[in-house]
Amino acid sequence: MANVVTIEAEARARAGKGAARATRRAGMVPAVVYGAHQAPSLIALEPRAVLRELQRPGWQSRLYEIKTNGDATRALIRDVQFHPVSDAPQHVDFQRLAPGEPIRVAVPVRFENEGLSIGLKRGGVLNVVRHAVEVYCDPEQIPEVFTANLADLDFNDNVRWHDLKGTQHVRPAIIDRDFVVATVAPPTKALEAAAEPGAAAAAPGAAAPAAAAAAAAAPAAGGARAAAPERGGRSAGGGRGGRK
């Protein structure tokens, strides 16, 4: 069962930009709760409570219980708007959850045993393709995190969807392939060293056609130089004869 975090909220009476600015001037963060075939609810949150949740990893898949005037609503944070200069949260969108209705969430991936990975110990780099994986699941069974074991990975080995732990009660949003989550890439110097023998072997083969082309071009150039005075003489003589 998913862990539920409780957030205290105050009801807001009015919607719109002016009302939201007034809420922020009062030291609160305006927010809205929508979904589950109900009318949106306007609320205001303590900034410290919002920042505390945003600073914890996995807030996009965390289940919240919003308490407003004695009523409790379960929801997920779907969007947060930030101030362009101070990065302070300006507005929060919550999606209300309907019991028994599957939802789409992004569950973070945690990588374990990096120190035991053969490829990483040899200087490789962990290339993370997906820091979080989107899945469908019941609201009461949202995983906090998926885990990936890197212990046996060498150069060019991958972590795929089927390798993740904690996926028992979910189905991935991508269903047409066993997609890659991360890969162990060899260091750049190792790739350059592997490419050098091939480049050296290709150099003699490329030099032979170049030498042959140069040799063939030399006589042609000499013939062109020898013929040039003859063309010049004919042109000059013809020109003088014409004027006479």
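What follows walks through the confidence, the sheets, the nonpolar cores and a few individual residues of this structure.

The model is a predicted one. Its protein chain has an average pLDDT of 83, and 77% of the residues score at least 70. The weak spot to keep in mind is residues 220–244, where the pLDDT is below 50. Beyond near neighbours in sequence, that stretch has 1 contact in the model.

On to the sheets. One of them is open and has 4 strands in the order S10-S7-S9-S12, with mixed pairing. Strand S10 (146–149) and strand S12 (170–172) sit at its edges, each pairing on one side only. Going from strand to neighbouring strand in this sheet, the average turn is 45°, direction ignored. Strands in a sheet pair through backbone hydrogen bonds, and they can do so parallel or antiparallel. Both arrangements turn up around strand S7 (residues 103–112): S7 runs antiparallel to strand S9 (residues 132–137), with 6 bridges joining the two, and parallel to S10, with 4 bridges. On the S9 side, Arg 104 has Tyr 136 as its bridge partner, while Val 107 stands opposite Val 133. On the S10 side, Glu 112 is bridged to Asn 149. S7 is also largely enclosed by the rest of the structure, because 7 of its 10 residues are buried.

Another open sheet is made of 3 strands in the order S8-S13-S11, and its pairing is antiparallel. Strand S8 (125–128) and strand S11 (158–160) take the edges; each has a single partner strand, so one side of each is left without a neighbour in the sheet. Here the average turn between neighbouring strands is 15°, again with direction ignored. S8 and S13 run antiparallel and are joined by 4 bridges, one pair of bridge partners being Asn 127 and Thr 183 in S13.

Next, the nonpolar cores. In soluble globular proteins, nonpolar side chains tend to be buried together. The largest nonpolar core in this model has 26 residues, and Val 133, Phe 146 and Leu 164 have the most contacts inside it. At least two core residues come from each of S7, S9, S10 and strand S13 (180–185). The top contributor is S7, which gives 5 residues. Phe 146 makes a good vantage point on its surroundings. Setting aside neighbours within four places in sequence, the contacts of Phe 146 include Val 107, Pro 108, Val 109 and Arg 110, then Val 133 and Val 135, and further along Trp 161, Leu 164, Lys 165 and Val 170. Apart from this core lies another one, of 18 residues, among them Val 29, Leu 54, Trp 59 and Tyr 64.

Helix H1 (residues 17–25) has a buried side and another side with exposed residues. Its buried residues are Ala 19, Ala 20 and Thr 23. They span an arc of only 100° around the axis, which puts them on the same side of H1. Those buried residues pack against strand S2 (29–35) and strand S3 (38–45). Lys 17 and Arg 25, on the other side of H1, are exposed. Just after the helix comes Gly 27, with a positive phi of about 85°.

Two glutamates round off the tour, both of them buried. Glu 53 lies in helix H2 (residues 47–54). With a relative accessible area of 2%, Glu 53 counts as buried, because the cut-off is under 20%. Leaving out residues within four places in sequence, Glu 53 is in contact with Val 5, Ile 7, Trp 59, Arg 62 and Tyr 64. Of those contacts, Trp 59 and Tyr 64 are among the residues of the 18-residue core.

Glu 65 has its place in strand S4 (residues 63–68). Its relative accessible area is 18%, so Glu 65 is buried as well. Not counting residues up to four places away in sequence, Glu 65 touches Val 4, Val 5, Thr 6 and Ile 7 on the one hand, and Ala 72, Thr 73 and Arg 74 on the other. Val 5 and Ile 7 thus appear in the contact lists of both Glu 53 and Glu 65.

Note on methods: Residues are numbered from 1 along each chain as its sequence is written. This is a predicted model: local features need pLDDT of at least 70, side-chain atom pairs count only at pLDDT 80 or more; totals for chains, interfaces and linings use all residues. Side-chain values use heavy atoms; hydrogens and water are left out. Two strands pair if DSSP finds at least two bridges between them. Axes are lines fitted to C-alpha atoms, for helices over the stretch in contact, and angles run from 0 to 180 degrees between N-to-C directions. Buried means under 20% relative accessible area, exposed over 50%, partly exposed in between (1.4 Å probe, protein chains only). The arc is that of the directions from the helix axis to the C-beta atoms. Contact means heavy atoms within 4.5 Å. pLDDT is the predictor's confidence in each residue, from 0 to 100. A nonpolar core is a set of buried Ala, Val, Leu, Ile, Met, Phe, Trp, Tyr and Cys residues joined through side-chain atoms within 4.5 Å.
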